[in-house]
Amino acid sequence: MTNQDLEKLVDTSDEWITTRTGIKERRIIKRGEKTSDYCIRAARQAMEAAGVVAEELDYIILATISGDMRFPATAIFVQAALGAVNAAAWDISATCSGFLFALHEAEALIALGRAKRILAIGSELLTPMTDYTDRGTCILFGDGAGAVVVTEAEDEERGVLSTYIGTSGDQADLLYCIGSGTAGSFSSGLATNGEHLLRMNGNEVFKNAVRTMGKAAVTTLKRAGLNTDEVDWLVPHQANIRIIEATASRLHLPMEKVIVTIHKYGNTSSASVPTALDEARRDGRIRDGQVVLCVAFGGGFTWGGAAIRF
Ligand code: ACO
């Protein structure tokens with residue numbers, strides 16, 4: 001879906017969307033596709049790249065706020081489709097920071113010796129919960145999935161160097177979707193009255209995102225014992241090019257060191273960091289030995305970071 005397509009739906013323009021967000025187009029699900037379908041495709045590609053087969057997986061951790069069903073967890077459908085018979089699978093809900101929460105959990109489980117191979121996925125189908133009459137939100141979102149296989153490091157110098165997650169529950173009213181949750185009319189059998197749609201105070205979220213992404217990046221680096229000049233690539237959550245530029249500027253990193261995919265995919269929430277990582281790894285920008293700093297911010301609020309030496 002291009003900005004020109006959106007011009008036909010709401011009072012907006014390609015010029016406004018491009019300058020205010022950096023987005024030119026987004027990917028939209030085909031009718032009938034589910035979040036698990038996206039996850040399964042991403043998982044297979046990650047497992048192939050890692051040389052890991054499904055039976056070897058100990059856990060599958062899926063970050064999503066747009067799962068197939070209220071229950072069971074979408075990770076369950078992924079497990080079944082992959083044939084990961086030796087794994088336990090579950091979902092976590094941490095909005096746009098979800099993938100970094102999954103990575104945090106995976107890294108900790110491996111460090112504790114509870115697992116050897118974990119599939120961590122970030123996936124969202126946000127467009128079904130997007131209000132295409134609200135120009136403040138409908139221009140932003142796209143659908144996607146990204147996955148990684150986290151394993152024990154063979155070389156102590158390489159791997160996940162630090163992770164960091166945080167939340168501040170007092171600002172949940174700035175970005176939410178009631179959906180079929182018990183806070184809404186669904187549980188009393190009433191019509192949903194638009195409760196299935198995402199609601200956001202964009203301006204307030206923007207200000208918080210700028211402040212918090214920078215701080216999360218600094219904390220993640222500090223935990224890894226790294227300086228900014230040791231970072232080869234910043235892989236930020238792709239919500240708005242102005243938030244990305246502000247985060248890079250806070251770290252004194254030039255934009256040439258920032259992986260940007262927002263122009264092609266829009267905001268895909270928990271899928272944005274793993275898909276950007278994957279793209280930059282496959283096209284040869286992220287090379288072995290390089291340090292990558294990932295950082296994200298999302299509704300809740302939630303935030304997270306990870307420093308990784310490839
Ligand atoms: N086209 C044209 N004009 C628009 C549009 C649009 N699509 N949207 C808003 N406007 C107008 C507004 O009505 C307003 O007009 P006014 O001045 O006459 O009142 C003006 O543009 C400015 O509106 P703002 O909302 O202040 O614009 P802002 O610069 O904040 O950009 C945006 C809006 C793009 C939504 C920005 O606030 C943003 O990116 N917010 C953060 C989103 C985010 O990071 N979400 C977190 C993750 S999502 C998740 O967790 C699921």
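Here a trainee and a mentor talk through a pocket, a ligand and a few backbone features of a predicted model.

Trainee: What should I know before we start?

Mentor: This is a predicted model, where local features need pLDDT of at least 70, side-chain atom pairs count only at pLDDT 80 or more, and totals for chains, interfaces and linings use all residues. Residues are numbered from 1 along each chain as its sequence is written, and side-chain values use heavy atoms, with hydrogens and water left out.

Trainee: What makes a space a pocket?

Mentor: On a 1 Å grid over the protein atoms alone, a pocket is an open set of points with protein on both sides within 12 Å along at least five of seven lines. The largest pocket here holds about 1700 Å³ of space, a volume filled by probe spheres set on the points. It is lined by 46 residues, and Ala-50, Val-148, Val-149, Val-150 and Phe-310 are the closest to its centre. A lining residue has an atom within 4 Å of a point.

Trainee: Which element gives the most to that lining?

Mentor: β4 does, with 9 residues. Strands like this are DSSP runs (E, at least two residues), helices are runs of H or I of at least four, and both are numbered from the N terminus.

Trainee: Why is the ligand said to lie between two domains?

Mentor: Domain 1 (3–151) and domain 2 (159–309) both give residues to the shell around the ligand, so the ligand lies between them. The domain bounds come from an automatic or database domain assignment.

Trainee: How many residues surround the ligand?

Mentor: There are 25, and the closest are Thr-12, Arg-20, Cys-96, Asn-203 and Asn-240. A residue counts as near if one of its heavy atoms lies within 4 Å. Among the elements, α6 gives the most to this shell, with 4 residues.

Trainee: What makes Gly-299 a polar contact of the ligand?

Mentor: A polar contact is a pair of N or O atoms within 3.5 Å. A backbone N or O atom of Gly-299 lies 3.0 Å from an oxygen atom of the ligand, so the pair meets that definition. For Trp-16, a side-chain N or O atom is 3.5 Å from a ligand nitrogen atom.

Trainee: What is special about the bond between Phe-71 and Pro-72?

Mentor: It is a cis peptide bond, with omega about 0°. Pro-72 sits in the loop between β1 (59–63) and α4 (74–82). Another cis peptide bond joins Gly-300 and Phe-301, with omega about -5°.

Key. On a 1 Å grid over the protein atoms alone, a cavity is a set of points where a 1.4 Å probe fits but cannot get out, and a pocket is an open set with protein on both sides within 12 Å along at least five of seven lines; lining residues have an atom within 4 Å of a point. A polar contact is a pair of N or O atoms within 3.5 Å; within protein, one must be able to donate a hydrogen and the other to accept it, and residues adjacent in sequence count only if both atoms are side-chain atoms.
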